[in-house]
Amino acid sequence: MNSVLLASNRGPVSFTVSDDGELTMKRGGGGLVSGLSGVAKNDGVLWVCAALSDGDRSAVRLADGGRVDQSGYDTGPLRMLDIPPATFHRAYNAVANSTLWFVNHLLYDIPNSPNFGTRFQREWESYRDYNGAFALALAEEAGHGARVMVQDYHLTLTPAMLRAERPDLRIAHFSHTPWAPPEYFSLLPDEVAGEVLEGILGADHAGFLTDRWAQAFMDCCERLLGAEADRVGRSVTYEGRTTRIGVHSLGVDGTALWARACEPDVESHMTALREQVGDRKLIVRIDRTELSKNIVRGLVAYSEFLAAHPEWHGRVVHLAFAYPSRHDLPEYREYTASVQRCAQEIESEYANEDWDPVILNVNDDYPRSLAAYRMADVLLVNPIRDGMNLVAKEGPVLSERCALVLSREAGAAAELGQHALMVNPYDISGTATALHDALVMPEDERRMRRDKLHAAATALPPQKWLAAQLEALA
């Protein structure tokens, strides 16, 4: 039985099946995995996650009780859940990513959506079932009095469900996304909004990346549930139970990240990129093609910068690594297409035989991303809204001269804003100006800002992040 457990939709590894039926394992994607996989493995934390692909499901079916780590793979303690595909699809795509993500990132086109009818009721039942599967697995794996850390918007109902099964456990829930204010959160059907809030309040400790998101959650509990919110002591009391509210910023393990970025595959990508771009200045962005990342406005801002500053033609390249995300959803497929169209328009207007002003790549390649970080003169991170955004922290760790152009709506702005060039993510002209300011920034100022960004980015690495929450559950 396990004394510390971590639960999330996505796990630290993923599997693919080759044509000859052989399973191949690789690192999982996403910011949560990037932040937590090393520390969880090193500290012997049992990670419970969902099987996301046919390869994952094959690995689960070959493992006793879904314990993939006991099948010879170097994953660290890991249990994968083979949730029925139809249930998973409705829970993950229809509810988690098309509803809860949209609410907390304020992404709805309000005149046209959302629309909650009988179809959504069925989808919500699947979300309940999905959360129930996690609660059951955690109840089975946890030792008496164990500490359980439930992650993110996919698993908002799990804490209350797990508490009903195992009242002896100490349970935390952590939100890696922003949290919507009550007037926007109340777009959800009343019953659904209540279940989400009550589900998280089933935990002993509810954590958020910034004080802003924690305050918004307390506002929702107070306004929509009638709960008692203690702003000074950071707690919410509801139906006789008190849940402590914590703010735990997630930073970067600078030593481990730098060691990975110096490996041969990264060096090889640096050589290839340098051959491609020469000695030109590099503006870098690394994102999933996710609606909240604001990639299209970033590209338009770069185009506006080129129009306003012809002296930079042939002297700068925008490396835009935009990796496909959630392509089961039509909105995301169209957004990826919009990103590609915008990049092509820049190429058509400005490119010549000696210069490609923008290099867009939509194929996920972690070593190449690390190479781009190391080469960046400017890092553009301009989300509409973001829980934290580890890209903003990873870049200044790996580039010794990186100037950061950062959206004021990123959670990272709370820590990095003083030393970044801050922008309104909707202000394309303002972002274009910031790109120019970042490129012409004096070298001494550039290095001073980067050193301050590096210090802030590494102040709270995953080890401290995890330790602080485990201590809160003591």
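## The chain as a whole

Among contacts between residues at least 6 apart in sequence, what percentage join residues at least 24 apart? Here it's 75%. Keep in mind while you look around that this is a predicted model.

The chain holds 18 helices and 17 strands. Its radius of gyration comes out at 22 Å, close to the 23 Å that the globule rule gives for 474 residues, so the chain is as compact as a globular protein of that length. If you'd like a feel for the dimensions, the C-alpha atoms fill a box of roughly 65 × 55 × 45 Å along the principal axes. As for what's tucked away, 59% of the 474 residues count as buried.

## The nonpolar core

The largest nonpolar core has 162 residues. Four of them touch the most other members: Trp-179, Phe-185, Tyr-302 and Leu-319.

Let's pick out Trp-179. Leaving aside residues up to four places away in sequence, Trp-179 touches a long list of partners, including Phe-185, Val-196, Leu-197, Ile-200, Phe-208, Trp-213 and Phe-217. Asn-104 and Arg-385 are also among the residues that Trp-179 touches.

## Two loop residues

Thr-177 is in the loop between β7 (170-175) and α6 (182-185). Is Thr-177 buried or exposed? The cut-off for buried is under 20% relative accessible area, and Thr-177 has 4% relative accessibility, so it counts as buried. Not counting residues up to four places away in sequence, Thr-177 touches Trp-101, Asn-104, His-105, Asp-152, Tyr-153, Trp-213 and Gly-387. Two of those names may ring a bell: Asn-104 and Trp-213 are also touched by Trp-179.

Now hop over to Gly-226, in the loop between α8 (211-225) and β9 (228-230). Exposed means over 50%, and Gly-226 counts as exposed because its relative accessibility is 60%. Gly-226 is 12 residues from Tyr-238 in sequence, and their C-alpha atoms are 7.9 Å apart in space.

## The second largest pocket

This pocket has a volume of about 500 Å³. It is lined by 21 residues, and the closest to its centre are Ala-94, Ser-98, Thr-99, Arg-119 and Glu-123. Three elements each give two or more residues to the lining: α3 (85-104), α4 (118-141) and α12 (330-350).

Which element gives the most to that lining? That's α3, with seven residues. Sorted by class, the lining is a mix of eight nonpolar, seven polar and six charged residues.

Key. Residues numbered from 1 in each chain as written. Predicted model: local features only at pLDDT ≥ 70, side-chain atom pairs only at ≥ 80, totals over all residues. Heavy atoms only, no water. 1 Å grid on protein atoms, 1.4 Å probe; cavity = no way out; pocket = protein on both sides within 12 Å on 5 of 7 lines; lining within 4 Å. Points joined across faces, edges and corners; volume = space filled by probe spheres on them. Helix = DSSP H or I, 4+ residues; strand = E, 2+ residues; numbered from the N terminus. Nonpolar A, V, L, I, M, F, W, Y, C, P; charged D, E, K, R; others polar. Core = buried A, V, L, I, M, F, W, Y, C linked by side-chain atoms within 4.5 Å. Buried < 20%, exposed > 50% of the residue type's maximum accessible area, 1.4 Å probe, protein only. Contact = heavy atoms within 4.5 Å. Rg over C-alpha atoms; globule rule 2.2 N^0.38 Å.
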